[in-house]
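Biologist: Could you take me through the aromatic rings of this model, one close look at a single part, and then show me how that part sits in the chain around it?

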Amino acid sequence: MIVLIGFMGAGKTTIGQLMAARLELPFLDSDEAIERRAGRTIRDIFDQDGEPAFRKIEHDTVRALLRGPDAVLALGGGAAEHPATQRELALVPVIHLKVEYDGALTRIAGDPSRPLLARPDLAEVYARRLPIYESLATVTVPTDGRRPEAVARQALRALRLATIARTKGSHP
Ligand code: S3P
């Protein structure tokens with residue numbers, strides 16, 4: 001399993017699909033899995049049940065996906081804030097796709113399917129999450145102004161190096 005985390009608009013889906021194709025693994029997206037499981041859109045879950053209910057479904061879904069067959073798995077931008085999800089992510093390779101706040105907003109502005117865009121404190125949400133993404137990441141790859149192919153290639157290479165380093169470290 002390889003997990004992609006990062007703020008909305010980081011390109012987790014696009015880059016995850018490219019990485020999955022290169023690795024000949026399926027690509028999974030937690031948002032899509034949640035919608036399939038709930039039979040509703042994320043927007044509807046937020047509107048009808050509220051964000052805390054969404055976060056619970058999100059955690060249950062991510063937990064199930066992490067126990068499923070190997071894949072490249074992209075998580076929704078808020079999934080990494082859940083403490084139990086954080087414990088799960090400590091056990092797998094995690095790539096943080098880093099996007100600057102302004103870059104993220106440019107990419108996602110006006111998207112009606114993203115309920116978080118309505119939050120007046122979105123910049124604070126971003127600032128709060130950044131150190132969480134960093135602390136969970138095996139590797140961090142910047143995405144601003146870069147072609148998705150270049151980001152996917154760097155992510156795979158960095159992960160390979162990190163894995164080699166860790167294996168060597170544990171068997172001196
Ligand atoms: C969210 C990000 C979204 C989705 C939901 C909440 C967030 O996923 O899970 O709208 O809290 O940042 P993406 O990061 O794939 O847009």
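Modeller: Happy to. Rings of Phe, Tyr and Trp (its six-membered ring) pair if their centres lie within 6.5 Å; planes under 30 degrees apart count as stacked, over 60 as edge-to-face and the rest as tilted. By that rule, ring pairs link F7, Y101 and Y126 into a cluster.

A word on the ground rules: this is a predicted model, in which local features need pLDDT of at least 70 and side-chain atom pairs count only at pLDDT 80 or more, while totals for chains, interfaces and linings use all residues. Residues are numbered from 1 along each chain as its sequence is written, and side-chain values use heavy atoms, with hydrogens and water left out.

Searching the whole structure gives 4 aromatic pairs. One of them joins F7 to Y101 in a tilted arrangement, 6.4 Å centre to centre with 55° between the planes. Those two rings come from distant parts of the chain: F7 lies in the loop between β1 and α1 (12-23), Y101 lies in helix α6, and they are 94 residues apart. (Helices are DSSP runs of H or I with at least four residues, strands are runs of E with at least two, and both are numbered from the N terminus.) F7 counts as buried because its relative accessibility is 1%; buried means under 20% relative accessible area, exposed over 50%, and partly exposed in between, with a 1.4 Å probe and protein chains only.

The third ring of the cluster, Y126, takes us to α7, where the buried residues are L122, V125, Y126, R129, Y133 and L136. Their cover includes β1 (2-5), α4 (51-66), α5 (83-89), β4 (94-98) and α6 (101-108), where contact means heavy atoms within 4.5 Å. Helix α7 itself runs over residues 122-136, and its 15 residues reach 21 Å from first C-alpha to last, close to the 21 Å expected; that expected span is 1.5 Å times one less than the number of residues. There is also a kink of about 25° at R129, shortly before the proline P131. The bend is the angle between axes fitted to the seven residues ending at a residue and the seven starting there.

Stepping back, the chain has 8 helices and 5 strands. Of its 172 residues, 44% count as buried. Among contacts between residues at least 6 apart in sequence, 72% join residues at least 24 apart, and the F7 and Y101 pair, 94 residues apart, links distant parts too.
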